[in-house]
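Please work through the exercises below with the sequence and the model side by side, and try each task before reading its solution.

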Amino acid sequence: MAIEPRSVRGTTAVLAFAPEGIQGFARTTAVLDQLGLNIVDARVSRTDDGFTLGLYHILEDDGAPITDQDRQTEIEFAVQRALQRPDASMPVVSRRAPRQARMFNTPTQVTISVDDRNRRSVLELIAGDRPGLLCDVGTVLMQQHIELRKAKIMTVGERAEDVFYVTDVQHRPLNEEAAQRLKEHLLQALDQRPTL
């Protein structure tokens, strides 16, 4: 776990390293959202030795990087605690979307395809950005027993454009039934969550 207060992108970078299988992505995004932080970009990769490495670019709710040492320590402690206690329940994100974000209505779009060359499925998600979005995605992946191999998270204004590379628990691309079930659960989780 490491925090770089001011990255070259003008954000605060959080680097989280966790064992595979503890749903580090879902836990990390939940904690960051719970702390009132905006995740503006993220990259998650799997290592060859059974770990995941997540790089999260975050900002305070007002758009500022986290420069206060006490706030950085709070973030580091909260993320470490969540990753070291995988048996604990998932943190709940309850903060509201900013008023400006609620004015836009980006319909949720989920596309799942197979990347045969790399033996994985590609989940492309477009949705209105809001607090808890990534946590909700991570929770659905966990509930559906989907392994996250890599993720590219991007927020453009009020619109989230995310790509997740996933497999089943046997490290194979999702079959048609599992892909359809995942799509349905994602649409249900993301479209029914209140934003007011």
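The exercises that follow concern a predicted model, and they go from the sheet to its strand pairs, its helices and its surface.

**Exercise 1. Lay out the sheet and state which strands stand at its edges.**

Solution. Begin with the order of the strands: the model has an open sheet of 8 strands, arranged as 1-2-4-3-7-8-6-5 with antiparallel pairing. Next, look at the two ends of that order, where strand 1 (2–4) and strand 5 (109–115) each have a single partner strand, so that one side of each is left without a neighbour in the sheet. Finally, consider how neighbouring strands are oriented: with direction ignored, they are turned against each other by 15 degrees on average.

**Exercise 2. Follow strand 7 to its partners, strand 3 and strand 8, and describe the pairing on each side.**

Solution. On one side, strand 7 (residues 147–156) pairs with strand 3 (residues 38–46) through 5 bridges in the antiparallel sense, and here Lys-150 of strand 7 has Ser-45 opposite. On the other side, strand 7 is joined to strand 8 (residues 159–167) by 7 bridges, again with the strands running antiparallel, and Val-156 faces Arg-159 of strand 8. The last step is the connection: strand 7 and strand 8 form a hairpin with 2 residues between the strands, in which Gly-157 adopts a positive phi near 65 degrees.

**Exercise 3. Examine the pairing of strand 5 with strand 6, then place the helices against the sheet.**

Solution. Strand 5 and strand 6 (residues 120–128) are antiparallel and share 7 bridges, with Gln-109 standing opposite Ile-126 of strand 6. Turning to the helices, helix 2 (residues 69–84) packs on the sheet and touches strand 1, strand 2 and strand 4, its direction making about 20 degrees with that of strand 2. Helix 1 (residues 24–34), in turn, lies across strand 2 (12–19), strand 3, strand 4 (51–59), strand 7 and strand 8, and runs at about 20 degrees to strand 4.

**Exercise 4. Which residues form a nonpolar patch on the surface, and why does Phe-17 count as partly exposed?**

Solution. The patch consists of Leu-15, Phe-17, Leu-53 and Leu-55, which together have about 300 Å² of accessible area. Strand 2 and strand 4 are the elements that give two or more residues to this nonpolar patch, and Phe-17 is found in strand 2. To classify Phe-17, compare its relative accessibility with the cut-offs: partly exposed covers the range between under 20% (buried) and over 50% (exposed), and Phe-17 counts as partly exposed because its relative accessibility is 44%.

Definitions and conventions. Residues numbered from 1 in each chain as written. Predicted model: local features only at pLDDT ≥ 70, side-chain atom pairs only at ≥ 80, totals over all residues. Heavy atoms only, no water. Pairing = 2+ DSSP bridges. Helix = DSSP H or I, 4+ residues; strand = E, 2+ residues; numbered from the N terminus. Axes fitted to C-alpha atoms, helices over the stretch in contact; angles between N-to-C directions. Contact = heavy atoms within 4.5 Å. Patch = residues over 30% accessible without salt bridge, like charges linked within 9 Å, V, L, I, M, F, W, Y side chains within 5 Å. Areas by Shrake-Rupley, 256 points an atom, 1.4 Å probe, with all protein chains shown as cover. Salt bridge = Lys/Arg side-chain N within 4 Å of Asp/Glu carboxyl O. Buried < 20%, exposed > 50% of the residue type's maximum accessible area, 1.4 Å probe, protein only.
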